[in-house]
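Colleague: I'm still new to reading models like this one. Could you take me through a single part of it, the place where the ligand sits, and then show me how that part links up with the strands around it?

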Amino acid sequence: MEPIHIVGAGLAGSEAAWQIARAGVPVVLHEMRPAKGTFAHKTGDCAEMVCSNSFRSDDDVMNAVGQLHWEMRAADGLIMAMADRHKLPAGGALAVDREAFSAAVTQALHAEPLIRIVPGEIADLPADGNWIVATGPLTSDTLAQAIRSVTGTDALAFFDAIAPIVHADTIDMSVAWEQSRYDKGETEAERRAYINCPMDRARYEAFIDALLAAEKTEFHEGETAGYFDGCLPIEVMAERGRETLRHGPMKPVGLTNAHKPDEKPYAVVQLRRDNALGTLYNIVGFQTKMKYGAQTEVFRMIPGLENAGFARLGGIHRNSFLNSPTLLDDRMRLRLRPNLRFAGQVTGVEGYVESAAMGLLAGRMAAAQARGRDLPPPPATTATGALVHHITGGAEAKTFQPMNVNFGLFPPLEEMRSGRKGRKDRYPAYTQRAKDDFSAWLAPQ
Ligand SMILES: Cc1cc2nc3c(=O)[nH]c(=O)nc-3n(C[C@H](O)[C@H](O)[C@H](O)COP(=O)(O)OP(=O)(O)OC[C@H]3O[C@@H](n4cnc5c(N)ncnc54)[C@H](O)[C@@H]3O)c2cc1C
C-alpha cells in the first residue's frame, strides 16, 4: 500500500501518524527539526510543547476541552495516552512533564513498524500522493510561500494580534442592544448584526486609564513588533491619544441606544457575530496584547460585559493559518488540491489539544481513504466535530481567526432553547450528548 506522507511531527502530525499506522496503513513522517528549527521549539523531539505544559481542564462534564480529551482517549489517541502517563499534579488541569511527554511520543512513533520518520524540510506542496500538512503556527517560510502561491496570497494569514470572543449568552442585553451602524443591511438580521455596549464619558475615561495601566505581553524573541495599521492592538491606539479609540473602533456614530433612545453614548463597543449559530461574538477591533488576567478585568468594565464569559481571549504571536472555511472541504482536504489534507493549528484551531484532535481526525480520514472508504467528520454535537465544522464552514470566512474548543461551538440542545438554562444544566447535557454521538461515530470504524 502507498504510504501517507505527513509534514510536521508536532502535536497534530504525531497524532495523525499514530492513527494511520493503527489503521494498518504505512506512514512517512517528515520533520525539519532539529536541522532546521523555529524560534519556539528547543529540541528535535516529536510533539514538543513550545510554551506552557498544560492540556488545560480535564473535566469532561463541565468543560469543552475536557470533553475533547475524552474523545481523543476514546479514539486511542497517542497524545492523550502519553499525557496521562506523564501527568503532573495540577488540580483539575492536565499538566505534563513536558520533556518526558515529548520523549515518550517520539519513542512510541519510532517503535511503530508502519511509521518511518524522515528528517528534512518539505519546501513545496507535492502534486501527487496522499499528504497531510501539519506544520503548525511556525510553518517554515519556504513552505508558507508555496502554500500562499497555491491558495492565493492572503490565504495564509500572519496575525500579530487577535481580538477576544465572548459567549453571547453572557452579554447583558438589558444594557446592550442589537443594531448595525446606520441600520445598514438588506434584511432584519443584517440590521441587527452587531451587539452594542454604550459608555458615558466617565466610563470611557476609566476604561482608557485601565487600558493604559494594564500589564502587556512582550513579544517573543524572533517575532516582529510591527503591526498592520488596520490591526493595531487597542492599547497601542490608546497610547496614541485618549480620543483615538472614540474615533476608531469605539466611535458612537450611527447607533441609537434601544434602552435609552434620548441619551447619546459617548463611546460604543461593538461585538460582531462570530459563528453561524450566533452563540459567539468577537469584540470588534479589540485585538490586544494585554495579559489574560488584565483582559478579563478591563473588558468586564464595559457596560453589558460585566459578567462576560470569554470563549477566547485576545492574544499575540506569529501564527500561520489557512482561511479554512473557504479553502478546506469537510474532509479537511484542500479544495484546490484534494491530495493534500491539512491538520493542526495551521487549519485555524488554537492550542495543543485542539491541534492534536485535528491531527487525529485527519489521520483517520486519510487512512480510511487509503483503504477505499470515506469517513465523514463526527457530528457537530461532539467536541471534535464542533471544531471541524467550525473551521470548515461554520465560522465567518471574512473574520476567521484561530479558535479554541468551547461550548459556544456546540449546537444548542432543543430542550434548552426555550428556557434560559444555566451552565450547570447545559454543560453536562452537552458533554453527555457529545459522548453518545462520538461513540456512535467511532463504533463502525
Ligand atoms: C510562541 C508560541 C507559544 C504557544 N503557547 C501555547 C500554549 O501555551 N498552549 C497551547 O495550547 N498552545 C500554544 N501555542 C500554540 C501551539 O503551537 C500549538 O497549540 C501546537 O503546538 C500546534 O500543534 P501543531 O502540530 O499544529 O504544530 P507544531 O506543534 O508547531 O508542529 C509543527 C511541526 O512542523 C514542523 N515543520 C514546520 N514546517 C515544516 C516543513 N516545511 N517541513 C517539515 N517540518 C516542518 C515544525 O518543526 C514542527 O515540529 C503556542 C504557539 C506559539 C508559536
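Modeller: Here is a walk through the ligand's surroundings, followed by the sheets and a couple of backbone oddities.

Keep in mind as we go that this is a predicted model. The protein chain has an average pLDDT of 91, and 93% of its residues score at least 70. One stretch to treat with care is residues 221-226, where the pLDDT is below 50; apart from near neighbours in sequence, that stretch makes eight contacts in the model. Where pLDDT is low, the predicted coordinates shouldn't be read in detail.

Now, the ligand. There are 32 residues around it, and the ones that come nearest are Glu 31, Arg 33, Gln 345, Gly 351 and Tyr 352. Sorted by class, this shell holds 13 nonpolar, 16 polar and three charged residues.

Let's pick out some atom pairs. Start with Met 32: one of its polar backbone atoms is 3.3 Å from a nitrogen atom of the ligand. With Arg 33, the side chain takes part, as one of its N or O atoms is 2.8 Å from an oxygen atom of the ligand. Gln 345 uses its backbone instead, with an N or O atom 2.8 Å from a ligand oxygen. How much of the ligand does the protein cover? On its own the ligand has 970 Å² of accessible area, and the protein covers 94% of that. The elements giving two or more residues to the shell are helix 1 (11-22), strand 2 (27-31) and helix 11 (352-370).

Strand 2 is a handy way into the rest of the fold. It belongs to an open sheet of six strands, with the order 6-2-1-7-17-16 and mixed pairing. At the edges of that sheet you'll find strand 6 (115-119) and strand 16 (333-334), each pairing on one side only. Strand 2 runs parallel to strand 1 (residues 4-7), and four bridges connect the two. To see that pairing for yourself, look for Val 7, which stands opposite His 30 in strand 2.

Follow the chain on from strand 2 and you're in the loop that leads to strand 3, which is where Pro 34 lies. The peptide bond between Arg 33 and Pro 34 is cis, with omega about 0°. Strand 3 has its own oddity: Arg 56 lies in it, and the phi of Arg 56 is positive, near 65°, though the residue isn't glycine. For background, most residues other than glycine have a negative phi, and most peptide bonds are trans.

Strand 3 also takes us to another sheet, an open one of three strands in the order 3-5-4, with antiparallel pairing. Strand 3 (54-57) and strand 4 (87-88) each have a single partner strand, so one side of each has no neighbour in the sheet. Strand 4 and strand 5 (residues 93-96) run antiparallel and are joined by two bridges. One pair to find there is Leu 88 with its bridge partner in strand 5, Ala 95.

Note on methods. Residues numbered from 1 in each chain as written. Predicted model: local features only at pLDDT ≥ 70, side-chain atom pairs only at ≥ 80, totals over all residues. Heavy atoms only, no water. pLDDT = per-residue confidence, 0-100. Contact = heavy atoms within 4.5 Å. Near = heavy atom within 4 Å. Polar contact = N/O pair within 3.5 Å; in protein donor to acceptor, adjacent residues only side chain to side chain. Areas by Shrake-Rupley, 256 points an atom, 1.4 Å probe, with all protein chains shown as cover. Nonpolar A, V, L, I, M, F, W, Y, C, P; charged D, E, K, R; others polar. Pairing = 2+ DSSP bridges.
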